[in-house]
Amino acid sequence: MTEHVTITTDAGDMPAHLWLPPTGHGPGIVVLQEIFGVSDYIQRRAAQLAEHGYVVVAPEIFWRLGVTSPVEGDDALQQGMGLVQHLDWDAAVSDAATTVEWLRGRDEVTAGVGAVGFCFGGGLGYATAAHLESGDAGDTTPLDALVSYYGSALPGLHDTLTVTAPSLHHFGLADSFIDTETVRRIEASVTEQPATVFETYAGADHAFDNDDMPWHDPASSTLAWATTVEFLREQLPVS
């Protein structure tokens, strides 16, 4: 069951979706959307994480643009890219960091908090983790774990932002938006931090995990998800 909640930010109340695990409590995970919003696919992944024992929240990151429902239709990719171009990136990072703190404050969250981001959300998760570690976010606690699927902003972030929290990165080696040379540069950069795991998938395109999209690669998706669940189990154990 999904509960609709709001998270208070400096600009008003941000809509979000909350899932509780079967036990009603556990570690927390913030799920950060693709450019298509909190789509059916994102909601399925969030629900699956809840089934694994996590308290999960997925904020509507496009809310400041007046968009709080999934981007759909034949031109969904163009719509989503247009929204990202108009997005205030710093405000989005702030909203994601606020969501982390909001989740930490929930009575149902009895352990640490991590983030799992896909595409746009993968880059946003990395930036949010760095923000929480930098001290610029004020009196906040760093993420306990980060999983980033083909973070689309990583090419412009990895040289300037550092994440020391345990992190897992997934990239396809046939990514139409991030070429292999760039993927390898990102790998060399982020794995300078000892708690970083970097996984690549031969033949997998961007968004290979999204089974609603033509780029879906079932084998890579299955392997990456199993790796994600194991990584989270290690970093955010469910009691």
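**Salt bridges, sheet and helix 4**

User: What is the relative accessible area of Arg64?
Analyst: This is a predicted model, in which local features need pLDDT of at least 70 and side-chain atom pairs count only at pLDDT 80 or more, while totals for chains, interfaces and linings use all residues. Residues are numbered from 1 along each chain as its sequence is written, and side-chain values use heavy atoms, with hydrogens and water left out. On the scale used here, buried means under 20% relative accessible area, exposed over 50% and partly exposed in between, with a 1.4 Å probe and protein chains only. Arg64 counts as partly exposed, its relative accessible area being 33%.

User: How many residues apart in sequence are the parts that Arg64 and Asp10 tie together?
Analyst: The side chains of Arg64 and Asp10 meet in a salt bridge at 2.8 Å, N to O, the term meaning a side-chain nitrogen of Lys or Arg within 4 Å of a carboxyl oxygen of Asp or Glu. Arg64 lies in the loop between strand 4 (55-59) and helix 2 (76-86), and Asp10 in the loop between strand 1 (2-9) and strand 2 (12-19), so the pair ties together parts whose separation in sequence is 54 residues. Helices (H or I, at least four residues) and strands (E, at least two) are DSSP runs numbered from the N terminus.

User: Is Asp10 buried or exposed?
Analyst: The Asp10 side chain forms a salt bridge with that of Arg64. At 67% relative accessibility, Asp10 counts as exposed.

User: In which helix do Arg185 and Glu181 both lie?
Analyst: The side chains of Arg185 and Glu181 form a salt bridge at 3.2 Å, N to O. Arg185 is partly exposed at 43% relative accessibility, whereas Glu181 is exposed, with a relative accessible area of 57%. An α-helix has 3.6 residues a turn, so residues three or four places apart point the same way. Arg185 and Glu181 are 4 residues apart, about one turn, and both belong to residues 180-190, which make up helix 5.

User: Which residues do salt bridges that share partners join into one network?
Analyst: The structure holds 11 salt bridges, and one of them links the side chains of Glu230 and Arg233 at 2.7 Å, N to O. Glu230 and Arg233 both lie in helix 6 (residues 218-235), 3 residues apart, about one turn of the helix. Elsewhere, salt bridges with shared partners build one network from Asp10, Arg64 and Asp95.

User: By what angle are neighbouring strands of this sheet turned against each other on average?
Analyst: The sheet is open, with 8 strands in the order 1-2-4-3-5-6-7-8 and mixed pairing, where two strands pair if DSSP finds at least two bridges between them. Strand 1 and strand 8 (196-201) stand at the edges with a single partner strand each, so one side of each is left without a neighbour in the sheet. With direction ignored, the average turn between neighbouring strands is 20°.

User: Which residue in strand 6 is the bridge partner of Gly117?
Analyst: Strand 5 (residues 109-118) and strand 6 (residues 145-149) run parallel and are joined by 5 bridges. Within strand 6, the bridge partner of Gly117 is Ser148.

User: Which residue of strand 7 stands opposite Ser148?
Analyst: Strand 6 and strand 7 pair in the parallel sense over 4 bridges. Both faces of strand 7 are covered, with Ser167, His169 and Phe171 buried on one side and Leu168, His170 and Gly172 buried on the other. The residue of strand 7 opposite Ser148 is His169.

User: Is the crossover from strand 7 to strand 8 right-handed or left-handed?
Analyst: Strand 7 and strand 8 pair in the parallel sense over 6 bridges, and in strand 8 the bridge partner of Ser167 is Thr196. The chain passes from strand 7 through helix 5 to strand 8, and this β-α-β crossover (clockwise from the first strand over the helix to the second, with the strands pointing away from the viewer) is right-handed.

User: How many of the 15 residues of helix 4 are buried?
Analyst: Helix 4 (residues 120-134) lies across strand 3, strand 5, strand 6 and strand 7 (167-172). Among its buried residues are Phe120, Leu124, Tyr126 and Leu132. Helix 4 is mostly covered, and of its 15 residues the number buried is 12.

Terms used
Axes fitted to C-alpha atoms, helices over the stretch in contact; angles between N-to-C directions. Contact = heavy atoms within 4.5 Å.
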